[in-house]
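Work through these exercises with the model open beside you. Each task is followed by a stepwise solution.

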Amino acid sequence: MTGSLRVSGKNEEKRKHDHVEMILSDGKILRFHDPRRFGYLKWFATQDELLASFSHYGIEPLDDVFTGKYLYEKSRGKKQAVKNFIMDQSVVVGVGNIYACEALFMAGIAPQTASGKISLTRYAKLVDAIKKVLLQAIEQGGTTLKDFENADAKPGYFQQSLQVYGRVNEECALCQAIITTKVLAGRNSFYCPKCQR
Ligand SMILES: [Zn+2]
């Protein structure tokens with residue numbers, strides 16, 4: 001989420017929230033700055049260790065292998081809500097709460113729908129929506145990653161283009177129904193009860 005890496009000179013003072021320092025071979029210091037303490041550092045002694053620690057992750061959402069068919073096949077027999085399913089890192093990585101809410105709206109799928117009950121056609125639509133939302137966020141400068149979700153669940157940036165996220169009790173831009181929210185797996189899930197089934 002937030003946090004940054006910065007190279008500073010050897011005589012530069014440490015800032016508040018600089019939690020990790022690495023002295024580089026030229027004497028400069030690589031500092032990890034993390035005011036919100038969401039980040040962590042993990043040390044791997046070998047490349048095998050590194051690869052093993054990523055082996056349980058799913059595929060990349062912008063990769064060509066991420067298709068409607070992939071989600072469809074992976075979800076058969078599952079009762080898990082579709083929103084939790086697409087946010088499951090072992091299925092696909094990097095679909096955060098905001099992206100999941102927006103993509104489900106774009107695809108017209110209610111977040112609490114059982115993932116195993118969704119058709120191939122609807123999954124194809126959902127995959128298109130996920131890619132679209134992610135590309136849009138990247139296009140808007142990547143600033144979304146800088147202060148993505150504040151404590152009050154309002155995104156710092158990227159807010160103009162959000163259709164449902166953070167818009168509880170506001171009118172849906174498509175049908176004027178009132179946007180509602182539901183907690184799924186501990187996360188606020190915003191959706192239009194009319195557009196999303
Ligand atoms: Zn609507």
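**Exercise 1. Find the salt bridge that Glu73 forms, and place it in its helix.**

Step 1. Apply the cut-off: a salt bridge is a side-chain nitrogen of Lys or Arg within 4 Å of a carboxyl oxygen of Asp or Glu.
Step 2. Glu73 pairs with Lys69, with the closest N and O atoms 3.5 Å apart.
Step 3. Both residues sit in helix α2 (residues 68–75), 4 residues apart, so about one helical turn separates them. Helices are DSSP runs of H or I with at least four residues, strands are runs of E with at least two, and both are numbered from the N terminus.
Step 4. In general, an α-helix has 3.6 residues a turn, so residues three or four places apart point the same way.

A note on the source: this is a predicted model, where local features need pLDDT of at least 70, side-chain atom pairs count only at pLDDT 80 or more, and totals for chains, interfaces and linings use all residues. Residues are numbered from 1 along each chain as its sequence is written, and side-chain values use heavy atoms, with hydrogens and water left out.

**Exercise 2. How many salt bridges does the rule give, and which residues are joined into one network?**

Step 1. The count is 5.
Step 2. Glu12 meets Arg6, N to O, at 3.1 Å.
Step 3. Shared partners join Arg6, Glu12 and Asp18 into one network.
Step 4. Glu21 meets Arg31 at 2.8 Å, N to O. Glu21 lies in strand β2 (residues 18–23) and Arg31 in strand β3 (residues 29–33), so this pair ties together parts 10 residues apart in sequence.
Step 5. Check accessibility. Buried means under 20% relative accessible area, exposed over 50%, and partly exposed in between, using a 1.4 Å probe and protein chains only. Arg31 is buried at 3%. Glu21 is partly exposed at 37%, and Glu12 is partly exposed at 39%.

**Exercise 3. Which residues of α2 are buried, and what do they pack against?**

Step 1. The buried residues are Gly68, Tyr70, Leu71 and Ser75.
Step 2. They cover an arc of only 165° around the axis, which puts them on the same side of α2. The arc is that of the directions from the helix axis to the C-beta atoms.
Step 3. They pack against α3 and α5.
Step 4. Look past the helix: α2 is followed by Gly77, with a positive phi near 80°.

**Exercise 4. Which elements build the largest nonpolar core?**

Step 1. Define the set: buried Ala, Val, Leu, Ile, Met, Phe, Trp, Tyr and Cys residues joined through side-chain atoms within 4.5 Å.
Step 2. The largest core has 25 residues, and Leu71, Ile86, Leu126 and Ile130 have the most contacts inside it.
Step 3. Two or more residues come from each of α2, α3 (82–86), α4 (97–107) and α5 (120–139). α5 gives the most, with 8.
Step 4. Take Leu126. Contact means heavy atoms within 4.5 Å. Leaving aside neighbours within four places in sequence, Leu126 touches Leu71, Val82, Ile86, Ala103, Leu104, Ala107 and Ile109.
Step 5. A second, separate core has 12 residues, including Ile98, Leu162, Tyr165 and Ala177.

**Exercise 5. Is α4 enclosed or open, and why?**

Step 1. Of its 11 residues, 10 are buried, so α4 is largely enclosed by the rest of the structure.
Step 2. Among the buried ones are Asn97, Tyr99, Cys101, Glu102 and Phe105.
Step 3. Their cover includes α3, α5 and β5.
Step 4. Just after α4, Gly108 takes a positive phi of about 70°.

**Exercise 6. Which donors hold the zinc ion, and what is the geometry of its site?**

Step 1. Donors are N, O and S atoms within 2.8 Å of the metal (3.2 Å for Na, K and Ca); water is not among the atoms, so sites may look incomplete.
Step 2. The protein donors are the SG atoms of Cys172, Cys175, Cys192 and Cys195, lying 2.2 to 2.4 Å from the zinc ion.
Step 3. The angles among the 4 donor atoms run from 99 to 113°, and the site is tetrahedral. Four donors earn that label if all angles lie between 85 and 135 degrees.
Step 4. The donor spacing in sequence is C-x2-C-x16-C-x2-C.
Step 5. Cys172 lies in the loop between α5 and β4 (180–184) and Cys195 in the segment after β5 (187–191), so the pair ties together parts 23 residues apart in sequence.
Step 6. Cys172 is buried at 1% relative accessibility, whereas Cys195 is partly exposed at 23%.

Methods:
Tetrahedral: all angles 85-135°; square planar, octahedral: opposite > 155°, others 65-115°.
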